[in-house]
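Notebook open, coffee poured. I want to go through this one chain by chain and jot down what I look up.

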Amino acid sequence: MVDARAARVRLWDWPVRIVHWSFVALVPGLWLTFRAGNMNLHERLGFVMLGLVLFRIYWGFVGSSTARFASFVKGPVSVATYIRGLFGKAGEPVVGHNALGGWSVVVLLSLLAIQVGLGLFAQDTDGIVSGPLTHYVSYDAADTARDWHELVFNILLVFIGLHLAAILFYAVVKRDNLVADDRRRQAVRRAGRRAQLRAAVASARRGGDQCRRRLLDRDRRAAVVRHCVGERYAAFRAASLPSLSIHSTAAAAWIAVVS
Amino acid sequence: MVRMGKLGLGLSLAALAATGVMAATVGQVIDARQKGYKEIGKSMKAIADELKNSAPSTAVINANAKVIANLAPKVAGWFPKGTGPQAGVKTHAKAEIWQKPADFKKDQADLVVAARQLVTVSATGNLDATKAAVGGLGKTCKACHDSFRAKDD
């Protein structure tokens with residue numbers, strides 16, 4: 001009731017979701033195409049990965065609040081405080097990436113960028129199959145790029161494992177399902193506001209006019225919040241619509257270049 | 001008797017050359033083999049690099065194809081017995097090379113044919129046919145690697 005429209009403002013915007021779940025599909029896809037020896041498809045998927053990584057970095061500067069690096073890359077003090085609080089009693093769910101999770105994003109995204117970058121210069125044994133930019137480097141450098149491409153993949157697996165372990169940790173120990181997205185989180189926040197309102201209503205019933213006035217104030221404040229959220233949502237829509245066409249044009253150009 | 005002895009020595013040397021190499025030289029054989037393959041690989045890369053240019057030169061491809069075509073028949077001599085994985089020297093050569101000599105020989109012959117084919121085709125200057133021949137050569141490399149070369153580094 002308080003902010004029905006706020007529920008429509010998603011915690012993670014669509015580009016963030018699409019990019020993330022594409023990574024989930026692409027990493028095993030790239031591994032499988034390599035194992036199957038289908039290097040042609042491996043290279044094509046690699047281009048898709050490169051495009052998505054570049055887009056995600058760009059989106060980290062212009063995307064919605066939870067997508068921006070500036071909103072979730074925190075300093076060592078915040079990270080340390082967060083880690084200390086991690087094993088204490090359950091606190092408020094964090095909206096967006098928490099101080100530690102933010103660094104997980106930075107590490108995973110960096111590893112993907114390094115990995116896809118190495119792939120551009122890597123060649124297989126005896127130079128039979130080679131990445132699209134190998135002609136800019138020597139035979140030995142292309143061999144080294146391949147060795148690192150293997151090494152970084154294994155490092156990536158370690159961090160993906162850590163990422164999954166963290167989700168499991170939050171689900172089991174912290175009882176906070178990070179995957180079942182923001183709906184629950186929004187519900188938690190709504191429930192918190194509803195409880196505040198109920199408390200106000202209850203105190204208004206107990207008390208006299210003074211409390212009623214406070215209740216009215218609260219209602220008015222809620223209306224202001226509702227209004228602001230609506231405004232922000234409208235602004236987000238307005239800002240994302242023209243940029244949607246820019247981004248789809250960029251995506252089409254990217255597909256045209258790599259295919 | 002003397003002549004018989006010399007003949008015997010000659011025979012045993014020939015047998016040694018045919019069946020294996022002395023332990024001290026195993027490392028040298030493997031080293032020379034790897035250098036040989038690296039030569040082939042470098043020529044292969046030079047060909048692939050050329051194909052990545054906007055206007056690839058078939059002459060450059062032809063020159064590198066000749067290097068491969070010259071080395072290809074030598075591959076048969078790069079795998080004396082005793083230079084496999086049991087040699088104690090780091091090598092990707094699989095034991096199958098000596099277990100399936102007929103298959104290995106066929107792969108070598110395919111390489112020789114494909115390399116010569118590329119030399120012939122690239123000499124005509126036809127880029128599309130040259131690309132196809134490069135693909136054919138790459139396939140023979142891969143076929144042999146898949147069967148006879150250990151994957152992990």
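What share of the contacts in chain B with a separation of 6 or more comes from residues 24 or more positions apart? I get 71% for chain B, with contact meaning heavy atoms within 4.5 Å.

**Ground rules**

I am working with a predicted model, where local features need pLDDT of at least 70, side-chain atom pairs count only at pLDDT 80 or more, and totals for chains, interfaces and linings use all residues. Residues are numbered from 1 along each chain as its sequence is written, chains are lettered from A and ligands numbered from 1 in the order in which they are written, and side-chain values use heavy atoms, with hydrogens and water left out.

**Both chains, overview**

I looked up the secondary structure of chain B and found 6 helices and 0 strands. Helices (H or I, at least four residues) and strands (E, at least two) are DSSP runs, numbered from the N terminus. My shorthand for chain B from the N terminus on is α-α-α-α-α-α. Of the 153 residues in chain B, 37% are buried. Here buried is under 20% relative accessible area, exposed is over 50%, and partly exposed is in between (1.4 Å probe, protein chains only).

Then chain A: 8 helices and 0 strands, running α-α-α-α-α-α-α-α from the N terminus on. I note 32% of its 259 residues as buried. For chain A, residues 24 or more positions apart make up 60% of the contacts with a separation of 6 or more.

**Helices 5 and 6 of chain B**

I checked helix 5 (residues 101-123) of chain B against helix 6 (residues 127-148) of chain B: their axes come within 9 Å and cross at roughly 165°. That angle makes helix 5 of chain B roughly antiparallel to helix 6 of chain B. The axes are lines fitted to C-alpha atoms, for helices over the stretch in contact, and angles run from 0 to 180 degrees between N-to-C directions. Angles under 35 degrees count as roughly parallel, over 145 as roughly antiparallel, 65 to 115 as roughly perpendicular and the rest as oblique.

I wrote down the handedness too: helix 5 of chain B passes helix 6 of chain B in a left-handed crossing. Left-handed has the near helix turned anticlockwise from the far one by less than a right angle, right-handed has it clockwise.

Who makes the contact? From helix 5 of chain B I listed several residues, including Phe104(B), Leu111(B), Leu118(B) and Val121(B), and from helix 6 of chain B several more, among them Val134(B), Leu137(B), Cys141(B) and Phe148(B). The residues of this contact of helix 5 with helix 6 of chain B split into 14 nonpolar, 6 polar and 3 charged. For the classes, Ala, Val, Leu, Ile, Met, Phe, Trp, Tyr, Cys and Pro are nonpolar, Asp, Glu, Lys and Arg are charged, and the others, Gly among them, are polar.

**Helices 4 and 5 of chain A**

Next I looked at helix 4 (residues 76-86) of chain A and helix 5 (residues 99-121) of chain A, which pack at an angle of about 120° with their axes 7 Å apart. The two helices of chain A are therefore oblique to each other. Helix 4 of chain A brings Ser78(A), Val79(A), Tyr82(A), Ile83(A) and Leu86(A) to the contact, and helix 5 of chain A brings Ala99(A), Leu100(A) and Trp103(A). I tallied 7 nonpolar, 1 polar and no charged residues there.

**Salt bridges**

I found 7 salt bridges over all chains, each a side-chain nitrogen of Lys or Arg within 4 Å of a carboxyl oxygen of Asp or Glu.

Which residue does Lys38(B) pair with? I find Asp140(A), with the closest N and O atoms 2.8 Å apart. Lys38(B) sits in helix 2 (residues 23-52) of chain B and Asp140(A) in helix 6 (residues 139-172) of chain A, so the pair joins two chains. Lys38(B) is partly exposed at 32% relative accessibility, and Asp140(A) is partly exposed at 38%.

Further along I checked Asp143(A), which bridges to Arg146(A) with the closest N and O atoms 3.0 Å apart. Both lie in helix 6 of chain A, 3 residues apart, about one turn of the helix. Asp147(A) also forms a salt bridge with Arg146(A), at 3.8 Å between the closest N and O atoms. I therefore drew Asp143(A), Arg146(A) and Asp147(A) as a linked network of salt bridges. Arg146(A) is buried at 15% relative accessible area, whereas Asp147(A) is partly exposed at 34%.
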